[in-house]
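Here is a short dialogue between a student and a tutor, meant to be read with the model open. Please look over the sequence and the structure before going on.

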Amino acid sequence: MCIIGAGPRGTSILERIAANAPEILGDREFAIHLVDPFPPGSGRTWHTGQSELLWMNSAAEQVTMFPDSSVRCAGPPYPGPTTSRWLEESGRGALHDGRYASRPAQGHYLQEFFSGVRTRLPANLRLHLHRATAVDVRHAGTDRQSVVLDGGRRPVAAPQLVLAQGHTDVVADAPPDDDRLVRIGPARADADRLARIPDGAPVLVRGLGLVFIDCLLLLTEGRGGRFTRSRHDGRLRYRPSGREPLLYAGSRRGVPPYPKPAYTLNSPCPPPRYLNAEACRTRLRGPGFDFDRDVWALALQELCWAYYHELFTSHPDRTRTDWTAFSAQYAHFAWNDDRAAKLVRSAVPDPEDHFDPERLTAPLATHRSPDPLALQHRVRAHLRDSVRRRREPRHSAHVAVVRALGAVGGVLGELYNGGELSPAAAAVALRRFSVGAFLSSGPPPLRMEQLIALSEAGIVTFTGPGSAVVTDEEHAVFHATSPRVRATYTARILLDARLPEPDLARTADPLLRRLLAAGHISEETAPDATGRPRPTGALRVRDGHPLDATGRAHRTWYVAGPEQFPHAGADAGFFRRNDEIARTVLRHAAASSTRPTRPPRAATP
């Protein structure tokens, strides 16, 4: 077999193959080819040569590459340390903000994990490493198929293929022929590209997510600036080096995602009550199915239920009754907004403790002043409040919402993987659940404090919600405006600080591009507002197998898309899916090796 991609996903599948091989293959020989131009284990994203200013976005004590006994899979567990414990024991890196490893440190952890897997491979498994890029598949879908590598290297014979390339780049549209303008991105933060920005230059920035935070640190602290903590009020201040550009940054919501929580929830998360698999199946089978009415409404009820469960069980001093009494009444009133709101007002005295999804997901919705200076104060106040809520456990109900959102997203993911959720409904779900990234995929709290300090120092100016950038070709400048702010910001440099949307038709991955052109894989579609099918940019997959242009599944090809790092002790689906792929691969190999071979043809006289 051949695994394309030797990052965390591909390496984990290799580990699961090694763990399951003795049971399924016995002592039969099996060759595994691992193809990646970057070092195995860390891959491209976690390579060890990048800046120490770039951090992981998950707490190191939670992240693991070792499937422990909590994982409900057929294969045996492989216990091992979390990133945090490994760094402590190996001394290979410090934790930042008390909990977060740098990306180079995580890269060393991943490379060590790969080394351990390689050392433990059973003797009958032969691993072949190829520091190369896969560019094509010959005789695709047959027992004679082989993977073509770049540089004229010898093709790799592999009847089974795992696609585990992770996040792939997209070929950007060619900009207008004007060397007076500079466009950077959309792409992950790249120190070489950012070096093109002159000292002190104004820069318009689209996006306030994690790519923005990475670029921000490379352009400020990476250019010699320093953050210091005031002894007087404990607040962070920024001392410029004079080499920083001036960043005018905006996004759809106008504020960055919420920072990661600095604490964990003590109370157990209740199982899904409103949006579980059976409830979804009932509505999916109903006439005139509508995702917003039939599923998203359930999701909002689930988030509300999780919020108040955490508030009542962990902070009873802020309620007038106990959870048992409140939940019994709320279960009856959940579908009546007025009665449910009245119940909440009587049981939860402080309006700040009421669950308000609009306030949570659109923090600037009530901002009315068009004064750009007033906006800066409003955004900084929101950032300080978000840091406080994610550092003080008394606000843990907000974290419970994030956890519940992940749980209901998992329900929908399982239905989609099982073919029960249509591509059209899945496309709507992805749009709706994009709020999950806003609530849960922000940076560590210290990064948000640093952003506040950079805003106060005048390095960062927020341009407002709904910010849009247009190109003034006559004057060779970009303009950024927000419908909510009376200001226009102008620059000759545009930084798209965001990852590109998936677009299989414009992928920079040469293998996917060639397979798509040959019809061996295809692009998923979903109906638009008029009901016509439109490409979504995603690879068309059913039951883990890619579909070709005719809709036929490649049964010996497996798609292992990118996922967040699994958490220890959490029965992570990452491990369960990898184990399932590994066992399917091994069963196919075992069946192939026991098939009777065709007798040789008689020689012609």
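The questions below concern a predicted model.

Student: Which helix gives the most residues to the largest nonpolar core?

Tutor: The largest nonpolar core of this predicted model has 90 residues, and those with the most contacts inside it include Phe 212, Tyr 308 and Phe 326. With 13 residues, the helix that gives the most to this core is H7, residues 291–314.

Student: How many residues does the other core have?

Tutor: Apart from the largest core lies another one, which counts Met 1, Leu 25, Leu 110 and Ala 560 among its members. The size of this other core is 43 residues.

Student: Why is helix H5 described as largely enclosed by the rest of the structure?

Tutor: Helix H5 spans residues 210–219, and its buried residues include Val 211, Phe 212, Asp 214 and Leu 219. The helix is largely enclosed because, of its 10 residues, the number that are buried is nine.

Student: Is Ser 455 buried or exposed?

Tutor: Ser 455 lies in helix H15, residues 445–456, and, leaving out residues up to four places away in sequence, it touches Arg 380, Val 460 and Phe 462. Buried means under 20% relative accessible area. Since the relative accessibility of Ser 455 is 6%, this residue counts as buried.

Student: Which residue's side chain makes a polar contact with the side chain of Ser 455?

Tutor: The polar contact runs from side chain to side chain, at 2.8 Å. The partner of Ser 455 in this contact is Arg 380.

Technical notes:
Residues are numbered from 1 along each chain as its sequence is written. This is a predicted model: local features need pLDDT of at least 70, side-chain atom pairs count only at pLDDT 80 or more; totals for chains, interfaces and linings use all residues. Side-chain values use heavy atoms; hydrogens and water are left out. A nonpolar core is a set of buried Ala, Val, Leu, Ile, Met, Phe, Trp, Tyr and Cys residues joined through side-chain atoms within 4.5 Å. Buried means under 20% relative accessible area, exposed over 50%, partly exposed in between (1.4 Å probe, protein chains only). Helices (H or I, at least four residues) and strands (E, at least two) are DSSP runs, numbered from the N terminus. A polar contact is a pair of N or O atoms within 3.5 Å; within protein, one must be able to donate a hydrogen and the other to accept it, and residues adjacent in sequence count only if both atoms are side-chain atoms. Contact means heavy atoms within 4.5 Å.
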